[in-house]
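Colleague: I'm new to this one and would like a close look at a single part of it. Could you pick out the stretch with the charged surface patch and walk me through it, then show me how it sits in the rest of the chain?

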Amino acid sequence: MDSLCDNCWYNEYDDEEDVCYCSLVLDEDEYVRLMQDKNKTCRYFRPSGDEYDIVRKQN
């Protein structure tokens, strides 16, 4: 089963390091709250879609 991060808009893959990471810019307090959350639910999760998602929202 895929994790929530695997399907997130902010999930980025680094070719050189061969690792995925979150590209969301969080301040220190937000990051600590996210890491200490017992449910590990990310309030910034955005499901990734196809390349036309942004265009659909603009129309």
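Modeller: Sure, and keep in mind as we go that this is a predicted model. The patch you're after is a negative one on the surface, and Asp15, Glu16, Glu17 and Asp18 form it.

Let's take the two ends of that run in turn. Aspartate 15 sits in the loop that links strand S1 (11–14) to strand S2 (19–22). Is aspartate 15 buried or exposed? Its relative accessibility is 63%, and exposed means over 50%, so aspartate 15 counts as exposed. Aspartate 18 belongs to the loop between S1 and S2 as well. With a relative accessible area of 57%, aspartate 18 is also over the 50% cut-off and is therefore exposed. There's something else to look at here: aspartate 18 isn't a glycine, yet its phi is positive, at about 55°.

Now for the strands on either side of the loop. S1 and S2 make a hairpin, with 4 residues between them, and aspartate 18 with its positive phi is in the turn. The two strands run antiparallel and pair over 4 bridges. If you want a pair to find on screen, asparagine 11 stands opposite cysteine 22, which is in S2. As a rule, side chains in a regular strand alternate between the two faces of the sheet.

Step back from the hairpin and you can place it in the whole chain. In all, there are 2 helices and 2 strands, and along the sequence they come in the order β-β-α-α. Of the 59 residues in the chain, 5% are buried.

The helices give you a second patch to set beside the negative one. Tyr31, Val32 and Met35 make a nonpolar surface patch of about 280 Å². Methionine 35 is in helix H1. Its relative accessible area is 42%, and the partly exposed range runs between 20% and 50%, so methionine 35 is classed as partly exposed.

One last stop is the loop that joins helix H1 (28–36) to helix H2 (53–58), where you'll find serine 48. Serine 48 is partly exposed because its relative accessibility is 42%. Its C-alpha atom is 9.0 Å from that of aspartate 6, although the two residues are 42 apart along the chain.

So, back to your patch: Asp15, Glu16, Glu17 and Asp18 form it, and aspartate 18 is in the turn of the S1–S2 hairpin.

Methods
Residues are numbered from 1 along each chain as its sequence is written. This is a predicted model: local features need pLDDT of at least 70, side-chain atom pairs count only at pLDDT 80 or more; totals for chains, interfaces and linings use all residues. Side-chain values use heavy atoms; hydrogens and water are left out. Patches are made of residues with over 30% relative accessible area and no salt bridge: like charges are joined within 9 Å, nonpolar side chains (Val, Leu, Ile, Met, Phe, Trp, Tyr) within 5 Å. Accessible areas come from the Shrake-Rupley method with a 1.4 Å probe; for residues, only the protein chains shown count as cover. A salt bridge is a side-chain nitrogen of Lys or Arg within 4 Å of a carboxyl oxygen of Asp or Glu. Lys and Arg count as positive and Asp and Glu as negative; His and the chain ends are not counted. The place of a charge is taken as NZ of Lys, CZ of Arg, CG of Asp or CD of Glu. Buried means under 20% relative accessible area, exposed over 50%, partly exposed in between (1.4 Å probe, protein chains only). Two strands pair if DSSP finds at least two bridges between them.
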